[in-house]
Amino acid sequence: MQEGKNIMGISMFVGVVLQIFVLVANSEILHRKALKQDNIIRADLPSQGVKLLQDDNHVVISNGIVSIRLTVPGGSVTNITYKGSDNLLFPENNEADRGHWDVVWNNTAHADQTDNFEGTSYKVIMQNENQTEISFTRTWTFNSTEAPLNVDKRYVMLKDSPGFYTYVVLERLPGWPVFYIQEGRVLFKLNENMFQYMAVSDSRQRFMPKVKDRENGKVLDYKEAVLLTNATNPAFNGEVDDKYLYSNDNKDIKVHGWVGSNPSLGFWMITPSNEFRTGGPLKQDLTTHLGPTVLHYFTSTHYSGEVLAIKFKTEEYWKKVIGLVYIYLNSNDSSNADPSVLWIDAKQRMQKEEASWPYEFPLSEDFVKSNQRGALSGQLLVRDWFVNKQAVPGASAYVGLAPPGEVGSWQYENKGYQFWNKTDENGSFSIKNVIPGNYSLFAWVPGFIGDYKHVSDITITPGSNIQATNVVFDAPRNGPTLWEIGIPDRSAAEFFIPNPDPTIKIHQYAEPVEKFRQYGLWAGYEEMYPRKDLVFTIGSSNYSKDWFFSQVTRNVGGEYVGTTWQILFDLKTVEKEGNYTLQLAIASAHFAELQVRFNDRNSPPEFTTGTIGMDNALARHGIRGVYHYYSIPIPGSRLFVGRNTLFLTQARNLTKFREIMYDYIRLEGPSAIVH
């Protein structure tokens, strides 16, 4: 009897293996048929429907175009094939380290550790020829060593879809331990023998060096930056490889990936919505790097620091849906000569996915469908009495709904959802597909300092279409402009950015790339100002030529010291009893302290920021980080008729990366001058 059961079990196992073999073989036959059709994008060819097969350790989902294989019950992606190709993931990695979700976390008392969200239970949510959705879950217990989260990882494949979707539902219950999340992402490590060309934007596309080129290179000022000295392709020698060279703003991380030449296909990560990302539309993050690796970060402290770490209190309840993210595959024989062909197609697919958001097919009850969401519209006006007597449309402004908070709190928000859009030339805006809840309405307007927050919070209910009223931003203004430096746009890009070290070879992209995306620019300051710090004269200096984009430290005798910049300006009259205002906006700071003094550099400061910032934007080739705005009162008694000097001292030192990037500076006179 027992022997018969064993034979039956073996037969069933062999049968399952044969089914998997047939499934893969059918995919390969379809692939070979498709290859006969040259010079077309072959992503949307019809399939035979979605099929699912599994054994004790793995599950395979295939629709005849794409096939993915996952561990059971862990839920790590081990294989991805496209029309019968070889595995697109790096086969030499451990099965749990090819494609997965993870978080970097700590319990505040120990070092950071990584949790790959390995599931302990597997379930088929739906399986038919049109759609398959599978779930890998894990329930946290007090004796667990993983992050204190309940996890539900989902993978979805649709009929005729040239890819698959993934999302994760995370939950934390009251009474669980205090802990912090530093990073959260989904990633795929691709086969380096297949993928050589990377694309993260229209301008930043290139053939990439190999992993061993990094290993054979020279580590520079930090471990991520490596000078290539013995590259497989000699043309790359002298270049710097650094994953931060390929960062983007959240608002621009919509599609990125790699193109292979053997076979000619593209592997793309498409994000149809940013609603689940932290830090708002200007938060920057990684997209891809050597490996080759494709990443989607839903939260991180990159370009912001600890203020964006997700910190949970003991009695706090939290639940959030992260995703969906779409893994899109395409091919075209002509991409061997021009890989951008597949990039263009991927962008078109991204637009199609955006138009379909929120999707109707996800089956988690926590994913909010379109008929359960609401909308908000209105017109943003800006009032600055010195510029215009009447309020004017807030054109090209960013307007968003984020969890309730103080003015500007959206850039620190990391637990809820955010919904942003841009206004048109009339200041009109429409924010659609908002998950029900209570929100504050925020905005910021290029050309104006400061942040806007609507006086009343807004409640979105299912099906609601709210018309916001009295959306008027009173831009900070205490008096008339006496002088100004820069453009208030939360960026230091308008200031002088030097050429990098001539010993470093600059990669020549097909299209120009922003100049700040280069390694080692901080060294340019001491080259321009070898003995004395920057002096800027109002009326004769030009901020695009004479204002260095970052106030960095200076190396004196092997030690780094703070720097003091001077702004020289003339006043024809001074109201000694009047109140002047220095409006100061900072685009980024890293362990910096700005001290403000007028006319006496040795006096106690009129104002100090204290230590601010953990952005590290300078080292990471960024031009912005967390925005800081200060309105500083200056007594008229501190000013003179004739020549005045404003001293701006960045007082922190220790390393070359203690720095400040200014956004905009303005000195205002007393309001009595106008009124």
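Buried here means under 20% relative accessible area, exposed means over 50%, and partly exposed lies in between (1.4 Å probe, protein chains only). Welcome to a set of close-ups of a predicted model, in which local features need pLDDT of at least 70, side-chain atom pairs count only at pLDDT 80 or more, and totals for chains, interfaces and linings use all residues. Residues are numbered from 1 along each chain as its sequence is written, and side-chain values use heavy atoms, with hydrogens and water left out.

**View A. Glu239 and Arg206 form a salt bridge.** The closest N and O atoms of this pair are 3.0 Å apart, and a salt bridge counts when a side-chain nitrogen of Lys or Arg is within 4 Å of a carboxyl oxygen of Asp or Glu. The two partners come from distant parts of the chain, 33 residues apart: Arg206 belongs to strand E13 (205-207), while Glu239 sits in the loop between strands E15 (226-227) and E16 (240-241). Strands (E, at least two residues) and helices (H or I, at least four) are DSSP runs, numbered from the N terminus. Are the partners buried or exposed? Glu239 is buried because its relative accessible area is 4%, and Arg206 also counts as buried, at 4% relative accessibility.

**View B. Lys311 meets Glu306, and Arg517 meets Glu514.** A search of the whole structure finds 30 salt bridges, and this view picks up two further examples. The side chains of Lys311 and Glu306 come together at 3.9 Å, N to O. Lys311 is partly exposed, with a relative accessible area of 33%, and Glu306 is partly exposed as well, at 25%. In the other pair, Arg517 and Glu514, the N to O distance is 3.0 Å. Here the partners fall into two classes: Arg517 counts as buried because its relative accessibility is 12%, whereas Glu514 counts as partly exposed at 36%. Elsewhere in the model, salt bridges with shared partners tie Asp249, Lys251, Asp252 and Arg624 into one network.

**View C. Val399 is a buried residue of a strand.** Strand E28 runs over residues 398-402 and holds Val399. Why does Val399 count as buried? Its relative accessible area is 1%, so Val399 falls in the buried class. Leaving aside neighbours within four places in sequence, Val399 is in contact (heavy atoms within 4.5 Å) with several residues, among them Leu380, Phe419, Trp420, Asn421 and Thr423. Also on the list are Phe429, Ile431, Leu441, Phe442 and Ala443. For one of these partners a backbone distance is available: the C-alpha atoms of Val399 and Thr423 are separated by 7.1 Å, although the two residues are 24 apart along the chain.

**View D. Ser335 lies in a loop ahead of helix H3.** This loop connects strand E24 (318-331) with helix H3 (340-355). Ser335 is buried because its relative accessible area is 2%. Which residues does Ser335 touch, not counting those up to four places away in sequence? They are Ser264 and Leu342.

**View E. Two cis peptide bonds: Val72 to Pro73, and Gly323 to Leu324.** The bond that joins Val72 and Pro73 has an omega of about 10°. Pro73 is found in the loop between strand E3 (66-71) and strand E4 (77-82). For the bond between Gly323 and Leu324, omega is about 20°. Where is Leu324 placed? Leu324 is in strand E24, whose far end leads into the loop of Ser335.

**View F. Asn599 and Leu654 have positive phi values.** Asn599 is not a glycine, yet its phi is about 70°. Its place is the loop between strand E42 (594-598) and strand E43 (607-608). Leu654 likewise has a positive phi, near 70°, and lies in the loop between strand E46 (642-650) and strand E47 (659-668). With a relative accessible area of 64%, Leu654 is exposed.

**View G. Trp385 sits in a loop between two strands.** Strand E26 (381-383) comes on one side of this loop and strand E27 (392-393) on the other. Trp385 is partly exposed because its relative accessible area is 31%.
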